[in-house]
Amino acid sequence: MLWPFNHFRRPRVPARSTIETIYGMIVTQAREPLFYRDLGVPDTVNGRFDLLLMHLWLVLRRLKSVEGGAGLSQALFDHFCIDMDDNLREMGVGDLTVPKRMQAFGEAFYGRTAAYDLALTDSETALAESFCKNILNGQNIDKARQLAVYARVAMEGLARADLAALAKGAWRFPVPQAAGTAA
């Protein structure tokens with residue numbers, strides 16, 4: 001028998017260790033030296049942030065498309081926000097400035113993810129153009145094409161993973177060099 005007030009219960013929150021595992025995979029991949037050495041991503045704070053956003057977008061996009069993945073997606077995004085806040089404070093940003101910076105991070109995240117989502121519905125080159133503009137500072141479209149190939153390979157890999165595999169972190173990002181040479 002269903003209890004009539006079940007819909008008033010708080011939604012089940014994914015385990016913190018699960019979120020940390022997935023977020024750790026994203027951060028580790030975004031720090032992969034091949035992106036900076038071979039694919040032209042600027043090895044700067046902004047370049048690293050943009051690559052982190054791209055990988056976060058890839059995972060969140062997949063989680064949102066899986067039935068039951070919305071809670072995990074939200075928890076992962078919340079963890080990202082907490083991490084950005086912690087990093088700002090660790091860098092010495094003052095308490096009064098942190099909210100403004102967090103707002104800028106949010107605008108960057110939503111702007112880029114909207115651009116990437118829109119690019120996926122457009123031509124094959126649209127994603128590369130979007131990556132060129134947002135990650136490579138408008139330079140080197142050839143490297144942006146390789147980055148777009150990498151992102152599509154990553155999307156294919158994530159598409160093969162079900163919610164259980166996604167939640168356990170039982171999937172891997174592709175090797176950037178291998179994706180780049182496939183172009």
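## A bridge between two helices

The side chains of aspartate 50 and arginine 112 come together in a salt bridge, 2.9 Å from N to O. Aspartate 50 belongs to helix 3 (residues 45-65) and arginine 112 to helix 5 (residues 98-121), so this pair ties together parts that sit 62 residues apart in sequence. Aspartate 50 has a relative accessibility of 5%, so it counts as buried. Keep in mind throughout that we're looking at a predicted model.

There's another link between these helices: aspartate 117 forms a salt bridge with arginine 61, with the closest N and O atoms 3.9 Å apart. That distance still makes the cut, because the rule asks for a nitrogen within 4 Å of a carboxyl oxygen. Aspartate 117 is in helix 5 and arginine 61 in helix 3, so here the parts being tied together are 56 residues apart in sequence. As for accessibility, aspartate 117 is partly exposed at 37%, and arginine 61 is partly exposed too, at 35%.

## How helix 3 and helix 5 pack

So what does the packing around those bridges look like? Helix 3 and helix 5 meet at an angle of about 60°, and their axes are 10 Å apart. That angle makes helix 3 oblique to helix 5. The crossing of helix 3 and helix 5 is right-handed.

On the helix 3 side, the contact is made by Phe49, Asp50, Leu53, Met54, Leu56, Trp57, Leu60 and Arg61. Facing them from helix 5 are Phe105, Ala108, Phe109, Arg112, Thr113, Tyr116, Asp117 and Leu120. Sort the residues of this contact by type and you get eleven nonpolar, one polar and four charged. Asp50 and Arg112, one of the salt-bridged pairs, are on that contact list, and so are Asp117 and Arg61.

## The other salt bridges

How many salt bridges does the model have in total? The count comes to seven. Besides the helix 3 to helix 5 pairs, there's a network of salt bridges linking Asp85, Arg89 and Asp95.

Then there's a bridge between sequence neighbours: arginine 37 pairs with aspartate 38, their closest N and O atoms lying 3.3 Å apart. Arginine 37 is exposed, at 59% relative accessibility. Aspartate 38, on the other hand, is partly exposed, with a relative accessible area of 26%.

## Helix 6 and its cover

Helix 6 spans residues 124-134, and its buried residues are Ala126, Leu127, Ala128, Ser130, Phe131, Cys132 and Asn134. What covers them? The cover includes helix 3, helix 5 and helix 7 (141-159). So helix 3 and helix 5, besides packing on each other, also help cover the buried residues of helix 6.

## Threonine 28

Over in helix 1 (residues 16-30) you'll find threonine 28. Is threonine 28 buried or exposed? It's exposed, with a relative accessible area of 55%. The C-alpha atoms of threonine 28 and leucine 52 are separated by 9.1 Å, and the two residues are 24 positions apart along the chain.

## The whole chain

Zooming out, the protein chain has nine helices and zero strands. Read from the N terminus, the elements run α-α-α-α-α-α-α-α-α.

Of the 183 residues in the chain, 44% are buried. Among contacts with a separation of 6 or more, 64% involve residues 24 or more positions apart. The bridge from aspartate 50 to arginine 112, with its 62-residue separation, shows that kind of long reach in sequence.

How values were computed. Residues are numbered from 1 along each chain as its sequence is written. This is a predicted model: local features need pLDDT of at least 70, side-chain atom pairs count only at pLDDT 80 or more; totals for chains, interfaces and linings use all residues. Side-chain values use heavy atoms; hydrogens and water are left out. Buried means under 20% relative accessible area, exposed over 50%, partly exposed in between (1.4 Å probe, protein chains only). Helices (H or I, at least four residues) and strands (E, at least two) are DSSP runs, numbered from the N terminus. Axes are lines fitted to C-alpha atoms, for helices over the stretch in contact, and angles run from 0 to 180 degrees between N-to-C directions. Angles under 35 degrees count as roughly parallel, over 145 as roughly antiparallel, 65 to 115 as roughly perpendicular and the rest as oblique. A crossing is left-handed if the near helix is turned anticlockwise from the far one by less than a right angle, and right-handed if clockwise. Contact means heavy atoms within 4.5 Å. Ala, Val, Leu, Ile, Met, Phe, Trp, Tyr, Cys and Pro count as nonpolar, Asp, Glu, Lys and Arg as charged, and the others, Gly among them, as polar.
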